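Me: I'm new to reading protein models and would like a close look at one part of this one. Could you walk me through it slowly?

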Amino acid sequence: MRIKSKELAEKLGVSTATVSLVINNKPGISKNLRESLTERIVQMGYGEMIKSGDAPASKPASSKSGSRAKKTIVYAIYSLEDLGSDQSGFYTHVLEGCDLQARELGFNLQMVHIDSKCGCSLADCINLDECIGVVLQAYQVTDWIYNDLRKTGLPFIAVDRYNYSRNLSSVCVNNEDGMFFAIRHLYELGHKNIGYVGSGFDFNTVIERRRNYHQALREFNLVDRPEFRFLTKVEVAKTTRGSGIFRSLINQWSQMEELPTALVCENDILAVQVLKAVRKMGLKVPEDISIVGFDDRSMSQWCDPPLTTVRVHRHLMGRQAVQLLLNLIDMRKSGFKSLPYKVCVGIEFVPRESTASPKNEIIKINQLQLNMD
């Protein structure tokens, strides 16, 4: 089965140029990133696109950074459970940004997977004498992860996770602006009842999105109705096809008499399941209910209808993560006390066909007997 490079890039969540380097076996990306993308391409059934031949050797780091040129930045991925395609899809762009920024500054990037079930630590997997710091990717920054990082003695920052009580610096998404733009868009279309669909997770960045949703409603003098806040209470990672999310929503909605005319979703994965659930209820998107996602993953463009969403510049998050890490290192050398920093990367609102002006102020529905088979 053939597919265009542009379409494959969208599915992988990387640039077309990066896909071209992989399938044509050309230099320009790190060995770790090449191997990761190659494995995913083969798993997706497009392995015949990759040209045969030995993998190109990586170019040596530039000496323009002086004594830093041969040092390594570690990109540590901590796995506490099977996170499914949810996390890998989000972080592919972040990893690519880290890799490009590191190489441009004369550093090597080493990607390391740490699985708590194996009992290994980060210090066991890297050469501490060659490493200058760590960029952390983790579903949740647990005590075990935080303490394991501290044992290395290296400075570290997290991507899209923060915790000031642990002195953890991070590069995050500007969730406040994202939610404000989403609510403003729906308000300007004429929606007065806007609901929220969340995962129910309790890490800070997700809580921040929920909090900013409430704040945005207040700013536009919209009623914040508790019954219009829906938590799926299902871990995305354990429901790779979204069936658990879908059923959770249907179970909640089928017991209600009213639904809002618009729903803002915590992320695009939830938004896709919301779209399916709305159709199961016999309603149409956007004629009856408008849907807004968050993150602008590749799936949002291929939905029917294409999903209005908040674009997160994950590639830039990766670049900023490397830059913040280097800033922390310089501050440590200058004798400044290490204080936690939270750098927010700007977002972009992307209107598509899943939102429109409402026909009614509220959706009146009857108790539905749905066939869930």
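In what sense do β1 and strand β2 pair, and over how many bridges? Once that is clear, please carry on to the surroundings.

Reply: Sure, but a word on the ground rules. This is a predicted model, so local features need pLDDT of at least 70 and side-chain atom pairs count only at pLDDT 80 or more, while totals for chains, interfaces and linings use all residues. Residues are numbered from 1 along each chain as its sequence is written, and side-chain values use heavy atoms, with hydrogens and water left out.

Now to your question. β1 (residues 72-79) and β2 (residues 108-115) pair in the parallel sense, over eight bridges. Strands here are DSSP runs of E with at least two residues, helices are runs of H or I with at least four, and both are numbered from the N terminus. Two strands count as paired if DSSP finds at least two bridges between them. If you want one spot to look at, try valine 74: its bridge partner in β2 is glutamine 110.

β1 has another partner too. Seven bridges join β1 to strand β3 (residues 131-138), and these two also run parallel. Here you can find threonine 72 standing opposite cysteine 131 of β3. As for how covered β1 is, seven of its eight residues are buried. Buried means under 20% relative accessible area, exposed means over 50%, and partly exposed is in between (1.4 Å probe, protein chains only).

You can use those words on a helix as well. In α1 (residues 5-12), the buried residues are Leu8, Ala9 and Leu12. Seen down the axis of α1, they fall within an arc of 105°, so they line one face of the helix. That arc is taken from the directions from the helix axis to the C-beta atoms.

Next, a couple of loops. Aspartate 160 sits in the loop between β4 (156-159) and β5 (169-173). Its phi is positive, about 60°, although aspartate 160 is not a glycine. With 8% relative accessibility, aspartate 160 counts as buried. Asparagine 221, in the loop between α8 (204-219) and β7 (229-231), also has a positive phi, near 55°, without being glycine. Asparagine 221, though, is exposed, at a relative accessible area of 72%.

Last, look for cis peptide bonds. One joins valine 285 and proline 286, with omega about 5°, and proline 286 lies in the loop between α10 (268-280) and β10 (290-292). Another goes from aspartate 304 to proline 305, with omega near 5°.
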